[in-house]
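This report looks at helix geometry, charge pairing and nonpolar surface in a single model. The sequence and structure are shown below.

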Amino acid sequence: VLIKQLVSGSGLSPWGLVLYNNVCAVIPGFFFATLLELSRESARQRMSEAMQSPSTVCSLLISSFAGLAISYFQLNVRKTISSTAFMVLGVSNKLLSVLMNQFAMLDTNNSLPSIASVLVSIFGAIFFQQSVKGKGI
């Protein structure tokens, strides 16, 4: 609820909110990537070699564009629906991602206990949303 009030009362345009949100995420992202992932010279050298590949640069650009699109959609939806409905929407998206990974065999952690724990948490969120009284979606 607090985040929804801050987003609604900020006075920024939707793209201004996206820029602000992503700048706030990029700064610690670069710091921790440098500190934790690129702490050795060999890792920095491999990273610079990988960044010279056109396929790597293309993948990064596509991923960045997708991240901006998701951020724009997220901030606009957050203004429109209730906080609980927004949480359920996010959890539902996670469920679809997990199921698509399982069906495409992209996830190496596809044991029955891991899938069951994800499903239990998602159904818990759905039942929580149904138990809340008041204005829903």
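What distance should the 22 residues of helix H5 (residues 83–104) span, at 1.5 Å a residue? In this predicted model, the expected span of helix H5 is 32 Å, and the end C-alpha atoms of the helix are 32 Å apart, so expectation and model agree. Along H5, the buried residues are Ala 85, Phe 86, Val 88, Val 91, Leu 95 and Gln 102.

Turning to charge pairing, a search of the whole structure finds 1 salt bridge. The partners are Arg 44 and Glu 41, whose closest N and O atoms are 3.1 Å apart, and both residues lie in helix H3 (residues 41–50), where they are 3 residues apart, or about one turn of the helix. In general, side chains of opposite charge can pair when their charged atoms come close.

Relative accessible areas are set out here for the two salt-bridge partners and for a residue of the nonpolar patch described below.

| Residue | Relative accessible area | Class |
|---|---|---|
| Glu 41 | 52% | exposed |
| Arg 44 | 37% | partly exposed |
| Leu 61 | 58% | exposed |

Because the cut-off for exposed is over 50%, Glu 41 at 52% counts as exposed, whereas Arg 44 at 37% counts as partly exposed.

On the nonpolar side, Met 47, Met 51, Val 57, Leu 60 and Leu 61 make a surface patch of about 430 Å². Helix H4 (residues 54–80) gives the most to this patch, with 3 residues; Leu 61, a member of the patch, lies in helix H4 and is exposed, with a relative accessible area of 58%.

Notes: Residues numbered from 1 in each chain as written. Predicted model: local features only at pLDDT ≥ 70, side-chain atom pairs only at ≥ 80, totals over all residues. Heavy atoms only, no water. Patch = residues over 30% accessible without salt bridge, like charges linked within 9 Å, V, L, I, M, F, W, Y side chains within 5 Å. Areas by Shrake-Rupley, 256 points an atom, 1.4 Å probe, with all protein chains shown as cover. Salt bridge = Lys/Arg side-chain N within 4 Å of Asp/Glu carboxyl O. Helix = DSSP H or I, 4+ residues; strand = E, 2+ residues; numbered from the N terminus. Buried < 20%, exposed > 50% of the residue type's maximum accessible area, 1.4 Å probe, protein only. Expected span 1.5 Å × (residues − 1).
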